Amino acid sequence: MQPYELRDPIHKRIGFDDFERGIIDHAFFQRLRFISQLGFIQAYVYPGALHDRFTHALGAMYVAGRLFGRMIESSPIFQERLSDQEIEALRRRVRLAGLLHDIGHGPFSHASEVIFPALKDLPLDWTVSREPTDRQAIHEDYSVLLIQTLAREGILEHDMAQDVCSLIHGEAKPSAWLLGLASRLPSLPAVLKGLISGEVDCDRMDYLLRDSYYCGVAYGQYDIDWLISSLGVREHEGRLVFTVTENGVRALEDLLLARYHMIDQVYCHKTKMGFTHYIESAISEREIDLTIPTDPYAYAALHDGLVIEKFFEAAKNPANYWSHHLMRRLPAKRVLRLHTLVQEDHATLEKLRTMCLEAGVRWFTHSISRELTRLDEQGGKAQAIYVTKKTLGGERMVPVFEYSDLLQKYNEKLQFTDFFVLREDWDAFQALVKKAA
């Protein structure tokens, strides 16, 4: 039993030890209490959605530990090729990666990324590739910056910090120690990374349950206990791969469909999409004075409340259109949701743009492109999941995408564009439509 424990509405009890408490108590992590999980505008749509990145990160750590434990117990290969001390060191890294995977989020999570500096301007010493050198930084880059700073402060040992970064950032490289273990267990770093950022990872497994709970919707529900108990890791064709039992396929499908429906019904709710455009426009058009610093300590001082106060101040001036309408909850009018890959919808989108431009009707679009899963992508990817299918002679490994008819049917991109008209131009737009009819 771990010495510390907290209550959680999703997982009931989350335990942690002295070392993990030291990370949790650090100002970098405590800051996540003041970064909302879904952005404050989500509360405009779902009033209960007031939860933060702090609780999600703790939940992700808990799930990461459960996934790692299941991985170890599912296959004797780990005990055969690794010592108990090495397994424990890996467990520590996986749980810390779950805990710290969101530590680099800026105010309002993704919304503030529109003004993030260039990656080359961040004082990163190691782990992250700088190619291409002109790309804009993203929150994962800031996660690496803050974790690197924890190592500089002596809170994290260098190799451990580097390995944690490699699990949460696609371009970060593992330490020599972890690569040494990979010489005994092929693709071990990729499999560990899959527990943190994969098709069935601790991040997704926590936020779907947590977001649906606080939003008061049922879309994100799935059987987490059955799914975890059905997962495993095996060596297949010279590499480690994830497996799921035949009885667990339905739980996996439920997880993926839960994400599909949460994207469609919650994360891309029409009002949320419109207000997200307001926030991004207010920030990018400099209605508020917001600069994203490259210094880790200055960055860690940024939080939602500070920026909300800037919005309130800017909203006093009606000339600051986006801030004024955002803080008074005056949404734009959505005309249609158009699916980009549907030719008829694509033609309609172009018609709407042309019609509004010619008539001087002010409009904007907000687009999204997501997909149910990438489990159909094979070709040596460690993220592939195989079903252990029973046969008369024993069992065989079948790619889950080949096994599941449902995944084959629903694996299409959620790629659509919402077309909005500013509320002040709504009457003019309706007259325009009536005239064109």
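**View 1. The hairpin of β1 and β2 in the predicted model.** In this predicted model, a hairpin of three residues leads from β1 into β2. Strand β1, which covers residues 4-8, and strand β2, which covers residues 12-16, run antiparallel and are joined by five bridges. Within this pair, the residue of β2 that stands opposite Glu5 is Gly15.

**View 2. The open sheet β3-β4-β7-β8.** Four strands make up an open sheet of mixed pairing, in the order β3-β4-β7-β8. At its edges lie β3 (231-236) and β8, each of which pairs on one side only. Direction ignored, neighbouring strands of this sheet are turned against each other by 45° on average. Helix α10, formed by residues 188-196, packs on the sheet and touches β3 and β4, and its direction makes about 35° with that of β4. As a general point for reading such a view, strands of a sheet pair through backbone hydrogen bonds, either parallel or antiparallel.

**View 3. The two pairings of β7.** On one side, strand β7 (residues 385-391) pairs with strand β4 (residues 239-245) in the parallel sense, over four bridges. Here Ile385 of β7 is the bridge partner of Phe242. Strand β7 is also joined to strand β8 (residues 394-399), and these two strands run antiparallel with six bridges between them. The connection from β7 to β8 is a hairpin of two residues. Two of the positions that face each other across this antiparallel pair can be located by residue: Lys389 stands opposite Arg396 in β8, while Tyr386 stands opposite Pro399 in β8.

**View 4. Helix α8 and its surroundings.** Helix α8, which spans residues 158-168, is mostly covered, with nine of its eleven residues buried. The buried residues are Met160, Ala161, Gln162, Asp163, Val164, Cys165, Ser166, Leu167 and Ile168. Among the elements that cover these buried residues of α8 are α1 (18-24), α6, α7 (139-152), α9 (176-182) and α10. Helix α10 thus appears in two views, since α10 helps to cover α8 and also packs on the sheet, touching β3 and β4.

**View 5. The surroundings of Glu86 in helix α6.** Glu86 belongs to helix α6, which runs over residues 84-100. Because its relative accessibility is 17%, and the cut-off for a buried residue is under 20%, Glu86 counts as buried. When residues up to four places away in sequence are set aside, Glu86 touches Arg81, Trp177, Leu181 and Arg184.

**View 6. The packing of helix α18 against helix α21.** Helix α18 (residues 343-359) packs with helix α21 (residues 426-436) at an angle of about 115°, and the axes of the two helices are 11 Å apart. This angle makes α18 roughly perpendicular to α21, and α18 passes α21 in a right-handed crossing. The contact is made on one side by Leu352, Met355, Cys356 and Ala359 of α18, and on the other by Phe429, Leu432, Val433 and Ala436 of α21. The residues of this contact of α18 with α21 divide into eight nonpolar, no polar and no charged. In general, an α-helix has 3.6 residues a turn, so residues three or four places apart point the same way.

Conventions: Residues numbered from 1 in each chain as written. Predicted model: local features only at pLDDT ≥ 70, side-chain atom pairs only at ≥ 80, totals over all residues. Heavy atoms only, no water. Pairing = 2+ DSSP bridges. Buried < 20%, exposed > 50% of the residue type's maximum accessible area, 1.4 Å probe, protein only. Contact = heavy atoms within 4.5 Å. Axes fitted to C-alpha atoms, helices over the stretch in contact; angles between N-to-C directions. Parallel < 35°, antiparallel > 145°, perpendicular 65-115°, else oblique. Left-handed = near helix turned anticlockwise from the far one by under 90°. Nonpolar A, V, L, I, M, F, W, Y, C, P; charged D, E, K, R; others polar.
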